[in-house]
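Please find below a short note on the model, arranged as numbered points. It is meant to be read beside the sequence and the coordinates.

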Amino acid sequence: IPIILGSIFFLLGSQNVIRQFLGSVLVLLSFSLLKNKKYILSVLVCFAAISVHHWMFAFIFFCILFWCVTNYLQNNRFITSLNLRYWSVPFTGFALGCLAVLFVKGLLIGMGDYFLEYVLHNTTFLSEIKQYSLMNFSELDNRTGPLTKLVLIGMVVLISELIVGRERETENFDIRKFRLVALTFSIPLLVYPELLSRYLLFYFAIEMLYIAIGITSKSKRIRTAVIVIFIFYAFAPNAINVLMGPEWLISLLA
């Protein structure tokens, strides 16, 4: 419980975007119920999550997509090399992120068409994608730039991956590769800072799940990696903004 309460996901979500935070918690709960073969209850919790925040539909889609990718790559017999199987995971996540960017680009290019204009303005998901793709508040003094965010997150992931090394868990659900796909998916979203910012809360939810699973692992390497990630949370600029207000950064730069 202290590990979960001390996560970036819990701090940012509970203070800044409460509906998205609660919906994300319900999505994680639904997958836990699914793993325990409580199928009907899992589906009901998914509907509850979507009722809290309609973008939970996207989070559910991402989770299913990332799980399918990691499961396929893990069981693909054509990939015989352990190193190749590992690197295929981030490459696939990056490719999926590129496809997501092309999809958004396609929506914006089609804005001149009357039918697409009508669809964009009358479909909640598409209209919000358009809205956030055109927004960019990353230049404000109290905001951390998208590149800086991804570099800092990437450094934490890289260090934790180096600590874990070739250590492997026996669980069917590979949360390590799941997290890696979720991170590399976000890299192409750099071209849309506000979409990236909203997606990152989903990523932090997945990383919280990684920590919750890893802290109970029998492997010392995995437990050490989780502790290192948790320590890095103390230096996260977004978390400090929540605790101290954005003025601390402005006074530091002054």
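**Helix α3, the core and the surface patch**

1. Helix α3 (residues 18–35) has 18 residues, which at 1.5 Å a residue should span 26 Å, and its end C-alpha atoms are 26 Å apart, in agreement with that expectation. The expected span is 1.5 Å times one less than the number of residues, and helices are DSSP runs of H or I with at least four residues, numbered from the N terminus. Lys37, which follows α3, has a positive phi near 65°.

2. As to the basis of these statements, the model is predicted, so that local features need pLDDT of at least 70 and side-chain atom pairs count only at pLDDT 80 or more, while totals for chains, interfaces and linings use all residues. Residues are numbered from 1 along each chain as its sequence is written, and side-chain values use heavy atoms, with hydrogens and water left out.

3. The buried residues of α3 (buried being under 20% relative accessible area and exposed over 50%, with a 1.4 Å probe and protein chains only) are Gln20, Phe21, Gly23, Ser24, Val27, Leu28, Ser30 and Leu33. These pack against α2 (8–15), α4 (39–52), α5 (56–75) and α11.

4. Ser24, in helix α3, has a relative accessible area of 0%. Neighbours up to four places away in sequence aside, Ser24 touches Phe9, Met56, Phe59 and Phe202 (heavy atoms within 4.5 Å). Phe59, with the same sequence neighbours left out, is in contact with Ser24, Val27, Leu28, Phe202, Ala205 and Ile206.

5. Phe59 is also among the residues that touch the most other members of the largest nonpolar core, which has 59 residues; the others are Phe66, Tyr199, Tyr203 and Phe204. Helix α11 (residues 193–214) supplies the largest share of this core, 13 residues. Such a core is a set of buried Ala, Val, Leu, Ile, Met, Phe, Trp, Tyr and Cys residues joined through side-chain atoms within 4.5 Å.

6. Ile229, in helix α12, is buried, with a relative accessible area of 0%. Beyond four places in sequence, Ile229 touches Val156, Ser160, Arg179, Glu207, Tyr210 and Ile211. Ile229 and Met208 are 21 residues apart in sequence and 10.0 Å apart in space, C-alpha to C-alpha.

7. Which element contributes the largest share of the nonpolar patch? Helix α12 (residues 220–232) does, with three residues. Phe235, by contrast, lies in the loop between α12 and α13 (237–244), and is exposed at a relative accessible area of 61%.

Note on methods:
Helix = DSSP H or I, 4+ residues; strand = E, 2+ residues; numbered from the N terminus.
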